[in-house]
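Here's a quick walk through a protein model, written for someone who would rather think about side chains than file formats. Have the sequence and the 3D view open as you read.

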Amino acid sequence: MKMLITLAWRNLWRNKKRSLITISSVLFAVLLAIIFDSLERGSYERMIDSMVKYSTGYIQIQDVLYEDEPSIDNSLLFDQEVENLLEAHAGQIDYYVPRIQNFALAATEDLTRGTFVMGIDPEFESKLNDLRDDLLEGGFLTPNDQDILLANGLAEIMGVGVGDSLVLLGQGFQGSTAAGIYRVKGIVNLRVPEMSNNTIYMSLPAAQWFYMADNRLTALIVMPSNPKHTNALARDLRAGIDQEWYAVLTWEQMLKDLLALMKFDMAGSMVMMGILYIVITFGLFGTILTMMIERQREFGMLISLGMKRSRLAIMVFLESFFLPLLLAWSTLCLCRYTNAYMSWECSWRWV
Amino acid sequence: MTIIKTEKLTKVYDDNSLPVRALNKVDLEFEPGEFTAIVGPSGSGKTTFLNMIGGLDKPTEGKIIIDGTEISKLSDSKLIDFRLHNIGFVFQAYNLLPVLTAKENVSFIMLLQKTDPKKMEARAMELLKQVGLEDKVDVRPSKLSGGQQQRVAVARALASKPKFILADEPTANLDTESAFNLLDIMARLNKEENVTLIFSTHDQRVIERARRVVTLVDGAVAKDERR
């Protein structure tokens with residue numbers, strides 16, 4: 001066997017130029033394909049990651065009507081039943097993040113703009129999405145703060161900075177009027193452009209007071225101890241709560257439109273990739289076939305010397321196997337380092 | 001004692017519309033240690049005859065008996081095995097494996113025979129020394145001259161300790177000096193190792209060295225001369 005492996009390996013390098021050209025061309029094609037695929041997957045993963053961190057969390061407990069009609073009137077009461085549920089699954093839950101979110105008009109002296117107001121628990125929100133680390137200027141919210149944080153995009157659009165005031169006007173719980181003037185305590189850098197241009201953060205008590213929604217939440221985000229067990233925890237939570245009043249949703253359910261779009265897009269890429277690999281396979285097959293046809297006389301000589309056909313077949317198989325193996329190995333090495341570099345570069349720029 | 005015997009050996013090629021009778025009822029016997037040249041004009045059947053007794057081709061009619069075994073009745077697989085252990089080949093175009101060194105080429109047959117690695121190494125070195133290439137053991141064929149390559153081919157043919165060696169025009173591609181050199185080696189090996197050598201050749205230099213000359217004309221034995 002050792003002899004056959006040696007022969008097959010050396011035969012592969014008999015025509016170095018041809019082998020190298022084949023390897024280089026396939027390597028280049030596969031490398032490009034993998035890089036584009038990785039970029040696509042990476043950008044989608046980054047998008048999902050950001051959406052989960054800043055928007056949905058892994059699991060949300062909502063009022064049963066909130067998903068179809070996301071209004072503050074469909075907020076849930078953070079009552080004993082919900083607290084008992086969370087306590088019952090404390091072992092599976094890392095922490096939970098209460099939120100109340102609704103729309104409001106924000107106005108300065110010259111400009112009015114529709115905004116998205118998020119009432120948050122600053123400590124747990126930061127634990128969820130490192131919001132505190134995204135502070136660009138000013139100070140961060142305290143748990144009972146009466147000031148607000150502005151996303152950098154919105155601050156720029158409104159032309160306000162730290163210490164300036166904004167008037168907020170909206171509709172509170174059950175038709176009440178929500179109005180108030182708030183001082184900008186800090187500016188945060190949000191990585192999702194859609195959120196950056198319209199988000200205002202308030203402390204939870206301030207937002208509940210603003211919307212006249214005492215002790216109410218539009219969403220209670222639950223972070224599982226192990227994100228891999230998200231679906232199992234959601235199932236357990238559903239089982240322990242009155243589903244006539246409450247809905248327990250996973251991030252996949254909340255981002256289903258985005259996921260569907262992503263899957264559709266990736267299916268297209270997979271088809272293109274499949275076509276590319278078929279072309280590559282034919283290219284490789286052509287090279288291997290040429291190698292074999294050129295050596296028919298040699299094969300005849302080997303048989304005449306006493307080499308059994310089965311051994312000859314093994315040798316030919318090994319030769320046909322070594323080239324793709326070499327290609328797979330070199331592509332893997334190259335892609336591994338290229339992707340590691342891109343991943344490092346992206347995370348570095350992201351920070 | 002006969003080592004090779006052919007009885008009414010006939011080969012007809014009928015791939016085309018006109019059948020060609022390459023060998024016509026050839027009856028020949030070869031004794032161990034003979035140094036025989038098969039001669040004749042082009043198309044007389046020399047190579048066909050060698051292919052037949054080498055088990056590379058099957059006869060249309062007649063028998064080939066080698067050391068008591070009728071090889072024309074062996075299956076393909078058994079024939080390959082038979083060749084491996086009984087017959088050495090030297091080709092006109094050397095046909096060494098270009099990716100193996102001289103020593104590896106000589107060892108190749110022994111590897112196929114599953115010879116013990118130590119014995120194989122010793123035998124390969126001994127044979128290369130016998131053909132005067134002990135300083136070229138690790139050199140690949142592309143770095144050897146035609147004469148040197150043919151000497152490696154002779155060493156390879158001897159490696160399996162065959163009952164006889166068939167050489168198809170072994171000097172055809174060699175210059176005079178290399179050809180004489182090769183013939184000296186083969187004559188010496190014929191004497192020292194008592195190897196039976198059968199050449200097909202046009203080369204007068206080979207014919208002059210042979211102790212038996214069989215002349216084929218139109219696929220039949222025209223003359224069988226012992227010297």
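What follows covers chain B as a whole, two helix packings, a few loop residues and some salt bridges.

**Chain B at a glance**

Keep in mind that this is a predicted model. Chain B is built from seven helices and 10 strands. It has 227 residues, and 56% of them count as buried. If you take the contacts in chain B between residues at least 6 apart in sequence, 69% of them join residues at least 24 apart.

**Two helix packings**

Start with helix α3 (residues 102-112) of chain B, which packs against α4(B): their axes come within 9 Å and cross at roughly 130°. That angle makes α3(B) oblique to α4(B), and the crossing is right-handed. On the α3(B) side you'll find B:A102, B:K103, B:V106, B:S107, B:M110 and B:L111, and they meet B:M120, B:E121, B:R123, B:A124, B:M125, B:L127 and B:L128 from α4(B). Sorted by class, the residues of this contact come out as nine nonpolar, one polar and three charged.

Now follow α4 (residues 117-130) of chain B to its packing with helix α5 (residues 146-159) of chain B, where the axes are 9 Å apart and the angle is about 135°. Here α4(B) is oblique to α5(B). The crossing of α4(B) and α5(B) is right-handed. From α4(B) come B:R123, B:L127 and B:L128, while α5(B) brings B:V152, B:A155, B:L158 and B:A159. This contact of α4(B) with α5(B) has six nonpolar residues, one charged residue and no polar ones.

It's worth clicking on B:R123, B:L127 and B:L128 in α4(B): they are listed in the contact with α3(B), and they are listed again in the contact with α5(B).

**Loop residues worth a click**

Just past that last helix, B:S160 sits in the loop between α5 and β7 (164-168) of chain B. Is B:S160 buried or exposed? Its relative accessibility is 7%, so it counts as buried. Leaving out residues up to four places away in sequence, B:S160 touches B:L84, B:H85, B:I87, B:I109 and B:Q113.

B:K161 lies in the loop between α5 and β7 of chain B as well. With 61% relative accessibility, B:K161 counts as exposed, whereas B:S160 is buried. The backbone of B:K161 deserves a look too: phi is positive, about 50°, although the residue is not a glycine.

B:N95 also has a positive phi, about 55°, and is not a glycine either. You'll find B:N95 in the loop between β6 (87-90) and α3 of chain B. B:N95 is buried, with a relative accessible area of 14%. Why bother pointing these out? Because most residues other than glycine have a negative phi.

**Salt bridges**

Over all chains, the count comes to 23 salt bridges. Here are three of them, with the N to O distance for each.

| Acidic residue | Basic residue | N to O distance |
|---|---|---|
| A:E298 | A:R14 | 2.4 Å |
| B:D224 | B:R212 | 2.8 Å |
| B:E70 | B:K73 | 3.7 Å |

Take the chain A pair, A:E298 and A:R14, which form a salt bridge. This pair links distant parts of the chain: A:E298 is in helix α11 (residues 296-305) of chain A, A:R14 is in the loop between α1 (2-12) and α2 (16-56) of chain A, and they are 284 residues apart. A:E298 is buried at 10% relative accessible area, while A:R14 counts as partly exposed at 33%. There's a wider network here as well, with salt bridges linking A:R14, A:R295, A:E298 and A:E319.

Over in chain B, B:D224 and B:R212 meet in a salt bridge. B:D224 belongs to strand β10 (residues 220-226) of chain B and B:R212 to strand β9 (residues 212-217) of chain B, 12 residues apart. B:R212 is buried, with a relative accessible area of 3%, and B:D224 is partly exposed at 34%.

As for the bridge between B:E70 and B:K73, the lysine B:K73 counts as exposed, at 66% relative accessibility.

Methods:
Residues numbered from 1 in each chain as written. Chains lettered and ligands numbered in written order. Predicted model: local features only at pLDDT ≥ 70, side-chain atom pairs only at ≥ 80, totals over all residues. Heavy atoms only, no water. Salt bridge = Lys/Arg side-chain N within 4 Å of Asp/Glu carboxyl O. Helix = DSSP H or I, 4+ residues; strand = E, 2+ residues; numbered from the N terminus. Buried < 20%, exposed > 50% of the residue type's maximum accessible area, 1.4 Å probe, protein only. Axes fitted to C-alpha atoms, helices over the stretch in contact; angles between N-to-C directions. Parallel < 35°, antiparallel > 145°, perpendicular 65-115°, else oblique. Left-handed = near helix turned anticlockwise from the far one by under 90°. Contact = heavy atoms within 4.5 Å. Nonpolar A, V, L, I, M, F, W, Y, C, P; charged D, E, K, R; others polar.
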